[in-house]
Amino acid sequence: MITKFRGEEYIMHRNAKNPIITKEDFPLETNAVFNCGQTLFNGKTLLLIAAYYKERINNSMCGIHVATSEDGVNFDINPKPLFLSDNWSGDCPGLFDNWVIDPRVTKIEDTYYIIRPGQVRGSGPCALLYKTKDFETAEFVDCVALPANRVPCLFPEKIDGLYVRLDRPYNVHCPEEPECIPDTDILRASIWISYSPDLVYWGHHRPLLYPESVSYSNWKIGPTPPIKTKDGWLEIIHGVWKEDGEFCYSIGAMLMDLKDPTKIIGLLDRWILTPTEPFETDGRVGNVVFPCGAIAEEDKDEIRIYYGAADEHIGLAKGKLSELLEALKNSKAPY
Ligand code: BMA
């Protein structure tokens, strides 16, 4: 097991009740709960939790469920899934997605936009965009990225009249099997930035950040929805270190210029969370802490990250927003 990034906690501190959500807490029989989307909704913390069912629901082995909490630690989980694999719009026949995981959510004006992967047979995941105002149902908008692009992450507002997102395209080799989930031979995966007039048609693609840009990543690096702060766009990322066929998924942070997010104005070379606890190091896929977002509140000087651990549980880490932003402002940005 890769242990070289371990050390003292840095900026983010784990909740004493971790893992705060496990498969045993789930209202349905599940094998695991995965990485969750996160936002504030009606004054509560809202998570979009991907569950891996013991028994398929409507032929779906995974689904995404809404969970809400007053205190940010104890959650009520809705047993009715917001998404199953059959929520594709219906105009594209075939088994498109059976691996409904890693949702990212962004509030733009009064609407919450959710992007989740749709697994495309033989090709890897494309990105499916939905919108909701109540988290009771979600309306399908469109497929907004070709495979293999697991989950683009939307900025919460337009910049210079265009919607903006961070992408994480990658290459996959997938055997021609009906329900293949490609997971091998993924080449270096970097973060890109893209622009759109309407959230559906995207272009002006540019690479932004490479795996080797930070010490804890040499293989893949991926985004979460950027958060607006007074100092810039705060971006929580994950980085993957690969060595001798083993992996270590850590969480990091960067800061982008508010007016021009292609300018990285801060990047921590050190992780802010790396797997150390048994529920993070041992599991379905061990040595994984994985963020699909973060909740930052400037008035409370707080940032919370609800992270997936070992592809089995959800942990919570909390830090001072000002400390993270100061560290980013004092960091040496790559360019
Ligand atoms: C990534 C995604 C995540 C998962 C991680 C570790 O590629 O599939 O959902 O947590 O691998 O297995």
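## A pocket and some salt bridges

In this predicted model, the second largest pocket has a lining of 18 residues, with Thr-39, Leu-40, Lys-107, Pro-156 and Ile-227 lying nearest its centre. Four elements each give two or more residues to that lining: strand S3 (37-41), strand S7 (104-108), strand S16 (227-229) and strand S21 (295-297). S3 gives the most, putting in four residues. As for volume, the second largest pocket holds about 430 Å³ of space. And what sort of residues make up its lining, in terms of nonpolar, polar and charged? The split is eleven nonpolar, five polar and two charged.

Now for the charged pairs. Searching the whole structure turns up 13 salt bridges. Three of them are set out here, each with its closest N and O atoms.

| Acidic residue | Basic residue | Closest N and O atoms |
|---|---|---|
| Asp-231 | Lys-230 | 3.0 Å |
| Asp-231 | Lys-329 | 3.3 Å |
| Glu-326 | Lys-329 | 3.1 Å |

Let's start with Asp-231, which pairs with Lys-230 and also with Lys-329. Is Asp-231 buried or exposed? Its relative accessibility is 18%, so Asp-231 counts as buried, the limit being under 20%. Its partner Lys-230 is another story: at 64% relative accessibility, Lys-230 counts as exposed.

The Asp-231 and Lys-329 bridge has some sequence distance to cover. Asp-231 sits in the loop between S16 and strand S17 (232-243), while Lys-329 belongs to helix H2 (residues 321-329), so this pair ties together parts that are 98 residues apart in sequence. Lys-329 itself is partly exposed, with a relative accessible area of 39%.

Lys-329 also forms a salt bridge with Glu-326. Where do those two sit relative to each other in helix H2? Glu-326 and Lys-329 are about one helical turn apart, because they are three residues apart in that helix. Glu-326 comes out as partly exposed too, at 40% relative accessibility.

There's also a joined-up set: Glu-297, Lys-300, Glu-302, Arg-304 and Lys-318 form one network through salt bridges that share partners.

Terms used. Residues numbered from 1 in each chain as written. Predicted model: local features only at pLDDT ≥ 70, side-chain atom pairs only at ≥ 80, totals over all residues. Heavy atoms only, no water. 1 Å grid on protein atoms, 1.4 Å probe; cavity = no way out; pocket = protein on both sides within 12 Å on 5 of 7 lines; lining within 4 Å. Points joined across faces, edges and corners; volume = space filled by probe spheres on them. Nonpolar A, V, L, I, M, F, W, Y, C, P; charged D, E, K, R; others polar. Salt bridge = Lys/Arg side-chain N within 4 Å of Asp/Glu carboxyl O. Buried < 20%, exposed > 50% of the residue type's maximum accessible area, 1.4 Å probe, protein only.
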